[in-house]
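Let's take a walk through this model, from the inside outwards. Keep the structure open while you read.

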Amino acid sequence: APAEIKAFDMSLDEVVATMKPYSGPSSGEQVETSTVLGKLMCGYQGWFRAPGDGSGQGWVHWGRGRFFDPDHCTIDYWPDTRELDDEEKYHTAFKHADGSTAHVYSSFDKQPVLRHFEWMKDAGIHGVFLQRFINGTEPPLKLYGYTKVLENVREGANTHGRSWALMYDMSGAKNAERAIRLFKADWKRLIDHMNLGFDPNDKAYQHHNGKPLVAIWGLFENREGMPEFYNEIIDFVKNDPVYGGFSVMIGSENYWREGSGEKYDIVREAVKKADIISPWTVGRYRSPESAEAFIERMHGPDIAWCKEHGIDFLPVIFPGFSWHNLKVESPLDQIPRLQGQFFWRQVYENLQVGAEMFYVAMFDEVDEGTAIFKVHPDPPLGNSPFLNYNGLPSDHYMWLAGKAQEALQGRLEVELIQPARAGVALNKDFMEPSK
């Protein structure tokens, strides 16, 4: 049966009234937040909800519709909830092989989010870009959820000495006029009520080029109105006398530099206004060898162009990809992880062409199978098949990300094969011959 969900009855004004500056704890070991150069940042979706979490949304991003059971599942990896306290866990209709109930968590709850940041600290991951979807900034129900997750991430980063910055995802914006209206309304709320980026108590907020940083993802030539939207909004968040003063990172398509035509001219006009550009590479290559070819062909010239124009380049790296339960026609384990070798090859090849920072897609994305956080080694059984980390420790991909962070800072000499980890034996089938 559909999950019972408590009705949500807050107005927009009531939701906005909950938005406050930071007043929580701070770590005595805060990472350096003045620049993204030399840093590894992860994307953090924070979009998981569960019945009874107070969000009023029920199952979100776990299952299809209001259902979450073996016939209505949209995740390909099962989160590892073994460390969570009982009050952090939500019962599901899924069962492990031993007959025990399988549990998930809600990003709306503070404790599991704080735990994620503790894992990042243990692994040496610098911080995250928190996703904020533009279509969810207008309905009070979704805005309330976004506000709670922002608060959780902000406290997690400050508590465990990591960094965070906001990343808008413009997917579904439809047209420039609507996108500009939604963005400016939400942005003004964040500045007026939460002092985003300028809150002296929020020591974890990430900066770049001497200013707080905001990322805006979705600059695609073929998305209606997006090139025009970016040109106006970058000026706004950089230069507006009240709501400006930020550095800007753009998440873009891969052909921003070499695409031809009037629209691409507008794209490059926007890119030249930005501080960082980060083209989306998830799914653009599917093996270590094709990753090498793509990075040499695209990222090398991208970095040269960026240096010429005084812009920083942030390559996206990802551990693998799978969204079979979300899109049944897609095969399970569509882009295999190869026990981390696919991920590590991207680290290696990007460093060869001059990369100075990394964006990992994503920390908690079990829907598309790009998560690097801890997943359950024995996921539930049933009609929805799941992947796991093939005998690797549950934290292995966070560990690898930490090694990539060490490499960026010159503390680790990078080789073609991922670093050896004590007590971890990799399957030789996944090891590559030397070039």
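## Buried charges and other salt bridges

A quick definition before we start: a residue counts as buried when its relative accessible area is under 20%, as exposed when that area is over 50%, and as partly exposed in between. Bear in mind, too, that this is a predicted model.

With that in hand, look at K238 and D275, which are both buried. Their side chains meet in a salt bridge, at 2.6 Å from N to O. The pair links distant parts of the chain, 37 residues apart: K238 sits in helix α5, while D275 is in the loop between α6 (262-273) and β9 (276-279).

The structure holds 23 salt bridges. Another one of them joins the side chains of E232 and K184, at 3.3 Å from N to O. E232 belongs to helix α5 (residues 226-239) and K184 to helix α4, so this pair ties together parts that are 48 residues apart in sequence. Here both partners see some solvent-accessible surface: E232 is partly exposed at 37%, and K184 is partly exposed at 23%.

Then there's E258 with R257, where the closest N and O atoms are 3.9 Å apart. Through shared partners, salt bridges join R257, E258, R297 and D302 into one network. R257 counts as buried, since its relative accessibility is 17%, whereas E258 is partly exposed at 40%.

## The nonpolar core

Which residues have the most contacts inside the largest nonpolar core? They are W164, M170, F183, W187 and F229, in a core of 135 residues. Helix α4 (residues 176-194) gives the most to this core, with 9 residues.

M170 is a good one to click on. Leaving out residues up to four places away in sequence, M170 touches I134, A179, F183, I216, W217, M226, F229 and Y230.

## Aromatic pairs

The structure holds 37 aromatic pairs. In one of them, the rings of F183 and W187 have centres 5.7 Å apart and planes at 15°, so the pair is stacked. These two residues are 4 apart in helix α4, which puts about one helical turn between them. Both F183 and W187 are buried.

Y389 and Y397 make an edge-to-face pair instead, 4.7 Å centre to centre with 65° between the planes. Y389 is buried at 4% relative accessible area, and Y397 is buried at 2%. Elsewhere, ring pairs link Y44, F48, W59, W62, F68, W78, F94, Y105, F117, F363, F373 and F386 into a cluster.

## Helix α9

Helix α9 covers residues 396-408, 13 in number, and reaches 19 Å from its first C-alpha to its last, close to the 18 Å expected. Is α9 enclosed or not? With 13 of its 13 residues buried, α9 is largely enclosed by the rest of the structure. Just after α9 comes G410, with a positive phi of about 75°.

## The β2–β3 hairpin

Strand β2 (residues 90-95) has two distinct faces. Y90, T92 and F94 point to one face and are buried, while H91, A93 and K95 point to the other and are not. In a regular strand, side chains alternate between the two faces of the sheet.

β2 pairs with strand β3 (residues 101-104) in the antiparallel sense, over 3 bridges. H91 has H103 in β3 as its bridge partner. The hairpin has 5 residues between its strands, and G99 takes a positive phi near 90° there.

How values were computed:
Residues are numbered from 1 along each chain as its sequence is written. This is a predicted model: local features need pLDDT of at least 70, side-chain atom pairs count only at pLDDT 80 or more; totals for chains, interfaces and linings use all residues. Side-chain values use heavy atoms; hydrogens and water are left out. A nonpolar core is a set of buried Ala, Val, Leu, Ile, Met, Phe, Trp, Tyr and Cys residues joined through side-chain atoms within 4.5 Å. Buried means under 20% relative accessible area, exposed over 50%, partly exposed in between (1.4 Å probe, protein chains only). Contact means heavy atoms within 4.5 Å. The expected span of a helix is 1.5 Å times one less than its number of residues. A salt bridge is a side-chain nitrogen of Lys or Arg within 4 Å of a carboxyl oxygen of Asp or Glu. Two strands pair if DSSP finds at least two bridges between them. Rings of Phe, Tyr and Trp (its six-membered ring) pair if their centres lie within 6.5 Å; planes under 30 degrees apart count as stacked, over 60 as edge-to-face and the rest as tilted.
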